[in-house]
Amino acid sequence: FRDRVDIRDFDTSQPLVSGTTDIGASIRAAITSLGSTGGGGAAGTGGGEIYIPPGRWYVTKAVGDAYNTAVYVPDRVRVVGASKRGTLIMPGANNVVCFRMNGRCSAIEHLGIDNVGTTYTNTSGIRLAPDNEVGTAAQSDIEWCLVNNVSIRRMAEGLVLRPGPTGGWGDSYLFYNSFRDIEIGICTTGIWMKVPATAPGSGANGNWFSGIRIGETGSNTGLQIDAGGDNSFFGISFEGINSGVSPTATPTALIIAANSASYYTNHNRFYSARFESNTRDLTNSNETTRFIAPIYLNDSTKWSLPTGKYPIGDVDLGVAMGGTVTIASGGGTGDITVPNRQACILALTSDTNAAHYRLYGLAGDGTATIALTSISDTSAGVLTAAGQTSTTVRITNNTGSSAVYQWGIRPLTQALE
């Protein structure tokens, strides 16, 4: 960044008074001073950092703005506050998008966004999206942006990722953006990865999320992926998503759409995801979704899994010593049930063509029972003794029948494979 400015140097109406002043115009003037266009989101040749001091500040759109956006954050512009509790941005009208990131290499850091008192309706915290989200005439490129140390509360939509259209130029891009240390609370929808205006079209692909908490009573949908794949989620937590009937009739922490010719949703990966006190934890329609060492993702009554899909692809599940894992129905597909919550971890890696299961014991001294029903394959099943240094299970030649295998869970220092 070539420069750093303070919005207090760009007040266009009145002295800044915490709790009463609309600072949208000041932020837009500061962006203009850095050589990037604020209104409308056209990127300039400049860039720099804009500082918003501690306080409670309203933002509203500019007069005549067609996209209800208070602040456009274009190429190479970083908007930074004092802290996520110190600098608080509040929508000042219905339908306001507080921040729209519409370019490359921009950032929003160290501030909070809060529709205090849920005063206004249909508000959005941060949207990574082109200005005209339903337009089909122009390509957009939103890459290498950062949202860091931000709180978003009481909004209709907390964080939205929506690519631009596909056309004669090819796809629009919404790739390689980073989201770190973000709290999303009491938002109707926490994070929504939406479909673009065209079908087929590109999704939000290859983005990184870490240290995200979504939930609290008042939340209906935690994370919904309608278009987007190859994203990585590290330490995302879903808690208390249990309110309302819209946009999801049954409040759900995580929804992943099926991959299709129109929208790509394959290979999203979740590392140490945490689920607690949600009406429904998971609705997954994509067999390539991966969970690694989730926490409390173990109540099958909170899963919605379409017929013919692996419930959660390759997965590590927390199970009790002596717990039971059941895989049922035909063709190597079905449900997994884990009834208890304890410290042991049992991982199943499945190949849909060979129905090949590998088990890893990471803790504890008990046994786990694995029942597999109607698994299609051609060769014999083998399970080595629990006391061996390695265990390989191949469940085969099992169509229309069932088999139960017991497996002794080894200590962490002698993990089984």
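Two residues are in contact here when they have heavy atoms within 4.5 Å of each other. Keep that in mind as you click around this predicted model.

**The whole protein**

Start with everything showing. Colour by secondary structure and you'll find one helix and 32 strands. Of the 417 residues in the protein, 55% are buried. Among contacts between residues at least 6 apart in sequence, 73% join residues at least 24 apart. The protein exposes about 15700 Å², with carbon and sulfur atoms supplying 50% of that.

**The helix**

Now select residues 24-33, which make up helix α1. Show its side chains and pick out Gly24, Ser26, Ile27, Arg28, Ala30 and Ile31, which are buried. What covers them? Bring up the strands β1 (4-6), β2 (48-51), β3 (55-59), β4 (69-73) and β5 (77-80), which are part of that cover. Just past the helix, click on Gly35: its phi is positive, near 90 degrees.

**The core**

Next, head inside. In soluble globular proteins, nonpolar side chains tend to be buried together. The largest nonpolar core in this model has 60 residues. Select Phe99, Ile126, Ile191, Leu223 and Phe270, the ones with the most contacts inside that core.

Stay on Leu223 and show what surrounds it. Leaving aside neighbours within four places in sequence, Leu223 touches Ile191, Met193, Phe233, Ile236, Phe238, Ala253, Leu254, Ile255 and Phe270. Ile191 and Phe270, from your previous selection, are both on that list.

**Out to the surface**

Switch to a surface view and select Trp144, Tyr176, Trp208 and Phe234. These four form a nonpolar patch, with about 420 Å² of accessible area together. Trp208 is in strand β16, which spans residues 208-219. Is Trp208 buried, exposed or partly exposed? It counts as partly exposed, because its relative accessibility is 36% and that category runs between 20% and 50%.

**Along β16 to Ser219**

Follow β16 along to Ser219, which is also in this strand. Ser219 is buried, since its relative accessible area is just 1%, and the cut-off for buried is under 20%. Which backbone atoms does its side chain reach? One is the oxygen of Gly215, at 2.9 Å; another is the oxygen of Glu216, at 2.8 Å. Setting aside neighbours within four places in sequence, Ser219 is in contact with Ile186, Cys187, Thr188, Ile241, Asn242 and Ser243.

**Across to Ser243**

From that list, select Ser243. You've landed in the loop between β19 (237-241) and β20 (252-256). Measure C-alpha to C-alpha and you'll get 5.5 Å between Ser243 and Ser219, though they are 24 residues apart in sequence. Ser243 is buried too, at 15% relative accessibility. Its side chain makes a polar contact of 3.2 Å with the side chain of Asn242. Beyond its neighbours within four places in sequence, Ser243 is in contact with Thr217, Gly218, Ser219, Asn220 and Pro251.

**Last stop: Thr248**

Stay in the loop between β19 and β20 and select Thr248. Thr248 is buried, with a relative accessible area of 12%. Which side chain does it pair with through a polar contact of 2.7 Å? Show Thr221 and you'll see the partner. With neighbours within four places in sequence left out, the contacts of Thr248 are Asn220, Thr221, Gln224 and Ile255. You met Ile255 earlier, as a contact of Leu223, and Asn220 as a contact of Ser243.

Notes. Residues numbered from 1 in each chain as written. Predicted model: local features only at pLDDT ≥ 70, side-chain atom pairs only at ≥ 80, totals over all residues. Heavy atoms only, no water. Core = buried A, V, L, I, M, F, W, Y, C linked by side-chain atoms within 4.5 Å. Buried < 20%, exposed > 50% of the residue type's maximum accessible area, 1.4 Å probe, protein only. Patch = residues over 30% accessible without salt bridge, like charges linked within 9 Å, V, L, I, M, F, W, Y side chains within 5 Å. Areas by Shrake-Rupley, 256 points an atom, 1.4 Å probe, with all protein chains shown as cover. Salt bridge = Lys/Arg side-chain N within 4 Å of Asp/Glu carboxyl O. Helix = DSSP H or I, 4+ residues; strand = E, 2+ residues; numbered from the N terminus. Polar contact = N/O pair within 3.5 Å; in protein donor to acceptor, adjacent residues only side chain to side chain.
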